[in-house]
Amino acid sequence: MSTLLVLRTSLNGDNSFSNRLLDEFIAKTVAKWPHTRVVERDLNAEQIPMLNSRTVGAIRAGVNDTEERRAAIALSDELVAELKAADYIAIGLPRYNFSAPATFKSYIDYIGRAGVTFRYTENGPEGLLPDVPVYAFITSGGAYAGTEHDQMSGWVKQVLGFLGLNKVELIHAEGLAYAADTAMAQANARIDEIVAC
Ligand SMILES: Cc1cc2nc3c(=O)[nH]c(=O)nc-3n(C[C@H](O)[C@H](O)[C@H](O)COP(=O)(O)O)c2cc1C
């Protein structure tokens with residue numbers, strides 16, 4: 001039995017294109033492999049707190065002298081355990097103000113932990129998460145992939161790679177503000193190809 005971890009971030013609930021692509025991905029995956037265990041985390045519905053001056057020491061250095069810091073560590077441990085248990089990961093990432101949702105950045109801030117998800121070696125940083133496939137669905141009102149205005153794609157790959165996730169495929173559904181049918185059809189076709197493998 002494989003475990004699929006699904007991370008949602010859209011503000012738009014059932015009207016969200018990235019949520020619809022994730023729904024398609026889950027449905028087609030489960031249809032092909034019925035024993036798939038799907039673990040879902042909606043980072044919009046249940047937001048990870050922003051790091052602050054009190055919790056940063058807990059996440060970055062394990063300081064656990066207050067209830068707030070212990071809670072931060074416990075949440076981070078839970079998030080990391082989910083990642084370590086996943087055989088593959090699907091993420092919905094709308095483009096908001098030219099970047100990933102702030103909720104996803106808070107999530108990353110909670111899972112980036114020296115000695116836990118990365119470490120520094122003589123040869124530089126080394127990611128410690130299991131290097132499982134990641135499918136990230138980037139949904140965007142306009143179209144930016146492949147242009148100098150797409151700062152988001154590079155960051156998503158960089159930060160996941162830093163944590164050990166190097167097999168990241170970005171599936172772009174762009175121009176959703178004016179050509180949604182075409183963009184969604186292309187993204188759905190890619191889902192079909194992925195699941196057919
Ligand atoms: C707060 C906010 C900021 C947005 N910023 C951008 C942007 O910078 N560039 C863009 O092309 N579309 C932008 N959009 C449009 C979204 O990318 C578009 O609605 C997309 O479908 C969102 O994905 P979703 O449907 O999964 O929520 C923005 C939407 C919101 C709500």
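In the predicted model, I89 of strand β3 has V134 as its bridge partner in β6. A further point of pairing between these strands places I91 opposite A136 of β6. In total, β3 and β6, the latter spanning residues 134-139, pair in the parallel sense over 6 bridges. Strand β3 also pairs with β1 (residues 3-8), to which it is joined by 4 bridges, and these two strands likewise run parallel. Here L4 stands opposite Y88 of β3.

These pairings belong to an open sheet of 5 strands, arranged in the order β2-β1-β3-β6-β7 with parallel pairing. The edges of the sheet are formed by β2 (37-42) and β7 (168-173), each of which pairs on one side only. Neighbouring strands of the sheet are turned against each other by 15° on average, with direction ignored. Helix α5, comprising residues 151-162, packs on this sheet and touches β3, β6 and β7; the direction of α5 makes about 155° with that of β7. Helix α6, comprising residues 180-196, also packs on the sheet, where it touches β6 and β7, and its direction makes about 150° with that of β7.

The surroundings of β3 were examined through the accessibility of its residues. Strand β3 covers residues 88-94, and 7 of its 7 residues are buried, so the strand is largely enclosed by the rest of the structure. The burial extends to both faces: Y88, A90, G92 and P94 are buried on one side, and I89, I91 and L93 are buried on the other.

Helix α1 was considered next. This helix consists of 16 residues, 17-32, which at 1.5 Å a residue should span 22 Å; the C-alpha atoms at its ends are 23 Å apart, which agrees with that expectation. Its buried residues are S18, N19, L21, L22, F25, I26 and T29. Viewed down the axis of α1, the buried residues fall within an arc of 160°, and they therefore line one face of the helix. Their packing partners are β1, β2, β3, β6, β7 and α6.

Two residues illustrate the contacts around α1. T29, which is located in helix α1, has a relative accessibility of 1% and so counts as buried. When neighbours within four places in sequence are left aside, T29 is in contact with T36, Y88 and V195. V38 lies in strand β2 and is partly exposed, with a relative accessible area of 29%. With neighbours within four places in sequence again left aside, the contacts of V38 are L4, V6, I26 and V30. Of these, L4 is the residue that stands opposite Y88 in β3, and I26 is one of the buried residues of α1. The C-alpha atom of V38 is separated by 8.5 Å from that of S2, and these two residues are 36 residues apart along the chain.

Aromatic residues were also examined. A search of the whole structure finds 9 aromatic pairs. In one of them, the rings of F25 and Y135 have centres 5.4 Å apart and planes at 45°, so this pair is tilted. F25 is in helix α1 and Y135 is in strand β6, and the pair thus links distant parts of the chain, 110 residues apart. Both members are buried: the relative accessible area is 1% for F25 and 16% for Y135. For Y135 this classification rests on the cut-off for burial, which is under 20% relative accessible area.

A second tilted pair is formed by F118 and F162, with 4.7 Å from centre to centre and 45° between the planes. F118 lies in strand β4 (residues 118-121) and F162 in helix α5, so the pair ties together parts that are 44 residues apart in sequence. F118 is buried, at a relative accessible area of 2%, whereas F162 is partly exposed, at 28%.

F25 and Y135 are also part of an aromatic cluster, which is formed by F25, Y88, Y135 and F137. Within this cluster, F25 is among the buried residues of α1, and Y88 is one of the buried residues of β3. Y88 is in addition a contact of T29.

Conventions. Residues are numbered from 1 along each chain as its sequence is written. This is a predicted model: local features need pLDDT of at least 70, side-chain atom pairs count only at pLDDT 80 or more; totals for chains, interfaces and linings use all residues. Side-chain values use heavy atoms; hydrogens and water are left out. Buried means under 20% relative accessible area, exposed over 50%, partly exposed in between (1.4 Å probe, protein chains only). Two strands pair if DSSP finds at least two bridges between them. Axes are lines fitted to C-alpha atoms, for helices over the stretch in contact, and angles run from 0 to 180 degrees between N-to-C directions. Contact means heavy atoms within 4.5 Å. The expected span of a helix is 1.5 Å times one less than its number of residues. The arc is that of the directions from the helix axis to the C-beta atoms. Rings of Phe, Tyr and Trp (its six-membered ring) pair if their centres lie within 6.5 Å; planes under 30 degrees apart count as stacked, over 60 as edge-to-face and the rest as tilted.
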